[in-house]
Amino acid sequence: MPARVHVVSCQDYGQPALREAVWEALESVGAGECVGAASKVLLKPNLINSMPPERAVCTHPAVVRAVAEWALQRGAQVVVADQPGYALTDDAQACFRDTGLVGALGDLPVELRLLARGGYETVALGPHHRLAEVIFANDVLAADVVVNLPKAKTHSQTLFSGAVKNMFGAIAPKQRLAIHLLGRFWALSEAIADCYSARVPELHLMDAVVAMEGLGPTQGRPVQTGFLAASSDGVALDAVTEDLLGFEPGAVATTVAAAGLELGERDLESIEVTGASRSAVRRVIQQSPVVRADLMGPLVRLVGSLVRARPKVRVDLCRGCGACAGICPAGLISVDRVARIAHETCVECFCCLEACPYDAIVVQRSPLYQTAWAVKRWLDRRAAAKER
Ligand code: SF4
Ligand code: SF4
């Protein structure tokens, strides 16, 4: 059977239209066959940090609610769980509150849970993987059905954050940090695909009603893209969403790597797309201005260290909370009233930027980086125009 993705046009998060759109998307990809009475269903939203819904950083709480209602009416037991990156500190419950989940789900018989509470288990991977093993959340491994609820976003290390990337949140925080030290675009993306392989969810629903463009995954701009999409194949869902948002086929390495591990279909010709037409929902978004140097081609490799995009602390915004120091995989950040970054061995993973609840870490791009980026964008636009 070909991979199938169902796309539903949906312009905002207001009920009841949103609920109808979510339910249509799920039912259209056979979700009802997966979820039965008494199934233990785990919903895995993207809760990267405690930003409110209007920032488009996390999966919108109205989408999570609509999926929870759908599972509950089928008689399932529902848990909503994630492990925010900055919850390497001890304030993760704030994330459920600040992202609107407590308010959205408060009247439903649904448990909100940090994945760390259930502990982690080591899962050995096969010979074709970059990683020998992953340390994966027990709650996700034990669920009868996992419903993956990614937010469609640009990403400064992986270009795009979708279904494959969202399951990275099920990895034990310490291993997530170690994986970030892999640094480079392809290596990091392959490792993320390895993580996805440890427990491939049965269902996936992409929140692209409002996506994030620019400096994702936390400091980009919300952009109304106006659709939801569902599939039982997360790789196919990512491939279709990337196409709808203007990413070149094959550009997103997490999708390529996951398909290479035979975890799903990424060839658009081989994916059956139903529902709203491509022309009705396609909206090209602005990609991240921070793309790893290894993506910018030989010119950039030649000039090497002159082409830098590095984190910088804005001392006027820093409140000294320490979240960035807690998450830096290289241990480069100290906090003495405000944060300071020792840049010498920075791997430019931007975990610190993602973790900061006050947007006090920004990206500083060297002049040559900005020039190289402008040239790359010009070349991309020229190539796209030629194609048309
Ligand atoms: S300082 Fe920030 S970007 Fe550099 S390694 Fe640490 S977390 Fe990553
Ligand atoms: S930079 Fe952000 S995360 Fe780091 S200490 Fe300052 S406010 Fe906290």
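## Surface and burial

In this predicted model, the protein chain shows about 15700 Å² of accessible surface, and carbon and sulfur atoms hold 51% of that. As for what's tucked away, 57% of the 388 residues count as buried.

## Overall fold

There's plenty of secondary structure to look at: 16 helices and 16 strands in the protein chain. Its radius of gyration is 20 Å, close to the 21 Å the globule rule gives for 388 residues, so the chain is as compact as a globular protein of that length.

Lay the C-alpha trace along its principal axes and you get spans of about 60 × 50 × 45 Å. If you take the contacts with a separation of 6 or more, 76% of them link residues 24 or more positions apart.

## Helix α11

Helix α11, residues 253-260, is mostly covered, with seven of its eight residues buried. Those are Ala253, Thr254, Thr255, Val256, Ala257, Ala258 and Ala259.

So much for which residues; now for the cover. The elements over the buried residues of α11 include the strand β9 (159-161) along with the helices α7 (163-166), α9 (185-197) and α10 (234-245). Just after α11 comes Glu262, which takes a positive phi of about 60°.

## Around ligand 1

Ligand 1 has these residues around it: Pro311, Cys328, Pro329, Ile341, Cys346, Val347, Glu348, Cys349, Phe350 and Cys352. Sort that shell by character and you find nine nonpolar residues, no polar ones and one charged. The charged one is Glu348.

Conventions:
Residues are numbered from 1 along each chain as its sequence is written. Chains are lettered from A and ligands numbered from 1 in the order in which they are written. This is a predicted model: local features need pLDDT of at least 70, side-chain atom pairs count only at pLDDT 80 or more; totals for chains, interfaces and linings use all residues. Side-chain values use heavy atoms; hydrogens and water are left out. Buried means under 20% relative accessible area, exposed over 50%, partly exposed in between (1.4 Å probe, protein chains only). Helices (H or I, at least four residues) and strands (E, at least two) are DSSP runs, numbered from the N terminus. Contact means heavy atoms within 4.5 Å. A residue is near a molecule or strand if one of its heavy atoms lies within 4 Å of it. The radius of gyration is taken over C-alpha atoms; the globule rule is 2.2 Å times the number of residues to the power 0.38. Accessible areas come from the Shrake-Rupley method with a 1.4 Å probe; for residues, only the protein chains shown count as cover.
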